[in-house]
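Dear colleague,

I am passing on the structure below for you to look through. My notes on what was found in it follow.

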Amino acid sequence: MISDSGADESTVAGDDVNPELNPPADARDEQSAHPQRRVRSFVRRQGRLTEGQNRALETLWDDYGLTLENGLLDYAALFGNANPVILEIGFGNGASLLQMAQNAPDKNYIGVEVHRPGVGKLINDADRAGVHNLKVFCDDAIDVLARCISDSSLDGVQLFFPDPWHKKKHNKRRIVKPDFAQQIRTKLKIGGYFHMATDWEHYAEQMLEVLSAAPGFANRAGAGIYSPRPDYRPITKFEQRGERLGHGVWDLVFDRIE
Ligand SMILES: C[S@@+](CC[C@H](N)C(=O)[O-])C[C@H]1O[C@@H](n2cnc3c(N)ncnc32)[C@H](O)[C@@H]1O
């Protein structure tokens with residue numbers, strides 16, 4: 001089942017409500033109802049937690065979980081080392097993020113996802129795999145960036161298969177827009193990278209347009225060109241779904257140059 005956001009609700013969100021037929025209240029046009037409210041890139045739904053996810057959230061949160069109340073993070077204190085820090089926005093069920101953390105023990109990963117079942121699954125799987133170079137937030141990434149991430153502190157930011165919000169009237173919910181690009185730039189070190197991937201051509205074009213016009217970034221592949229998928233990025237769950245539907249995949253890597 002594909003929701004308005006484009007997310008596969010039956011697999012990641014795990015909802016039994018079809019948002020196309022019965023849209024949640026906050027999926028309606030928020031701006032006309034509440035002109036001051038921020039347009040968010042997600043709709044927070046009740047997802048059913050499995051027993052394992054629930055247990056993980058209760059017992060493993062102290063080891064893996066972070067909240068906005070943590071304030072600005074001290075990475076050295078958090079991870080016990082001075083390794084590079086990569087932040088991933090919207091990790092879904094976390095399988096590809098866990099694989100990356102396992103493959104790169106010399107890096108630290110911070111995952112941000114609003115969907116609790118996905119967060120529960122990731123920390124459960126991370127604990128089983130003995131992976132500890134990983135911390136997670138269950139919050140809106142916009143708030144995490146603003147409140148918990150120091151300026152010029154990240155080595156990389158990853159945004160893999162963000163909700164495409166494919167209907168024209170919902171395009172405004174897409175997370176990649178000029179002010180978001182500047183928020184990411186502020187949090188990256190000079191030389192740090194912003195890696196995006198999508199299987200929606202129209203969104204890929206928007207990403208390319210927004211980041212190419214954003215001051216302070218350079219396209220690693222060259223002006224107007226998409227990047228080949230770097231070896232370090234595993235195939236994600238949504239990418240597999242896109243492949244089944246015959247979608248292409250576009251990777252974009254932009255470096256902060258100033
Ligand atoms: C289409 S899914 C892709 C998941 C995963 N990256 C993959 O490729 O399998 C997009 C995810 O982004 C999350 N998301 C959307 N906006 C977000 C935000 N502002 N902060 C944190 N997570 C967000 C959604 O909950 C959803 O799980």
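Leaving aside residues up to four places away in sequence, Val-119 touches Leu-57, Glu-113, Val-136 and Cys-138. This is read from a predicted model. Val-119 is part of helix H7, which covers residues 116-129. It has 27 C-beta neighbours inside 10 Å, and therefore counts as buried; the cut-off for that is 20 or more. From Val-119 to Gly-90 the distance in space is 10.0 Å, C-alpha to C-alpha, with their positions 29 residues apart in sequence.

Gly-90 also turns up at the ligand. The shell there has 25 residues, and Gly-90, Gly-92, Ala-141, Phe-161 and Thr-236 come nearest. Two elements give two or more residues to this shell: helix H8 (141-148) and helix H11 (237-244). H11 gives the most, with three residues. By type, the shell around the ligand holds 14 nonpolar residues, six polar and five charged.

The other residue to look at is Ser-152. Ser-152 sits in the loop that runs between H8 and strand S5 (154-160). Is Ser-152 buried or partly exposed? Ser-152 counts as partly exposed, because it has 13 C-beta neighbours inside 10 Å, and a residue would need 12 or fewer to be called exposed. Ser-152 and Ile-184 are 32 residues apart in sequence, while their C-alpha atoms are 9.5 Å apart in space.

Regards

Technical notes: Residues numbered from 1 in each chain as written. Predicted model: local features only at pLDDT ≥ 70, side-chain atom pairs only at ≥ 80, totals over all residues. Near = placed C-beta within 6 Å. Helix = DSSP H or I, 4+ residues; strand = E, 2+ residues; numbered from the N terminus. Nonpolar A, V, L, I, M, F, W, Y, C, P; charged D, E, K, R; others polar. Contact = placed C-beta atoms within 7 Å.
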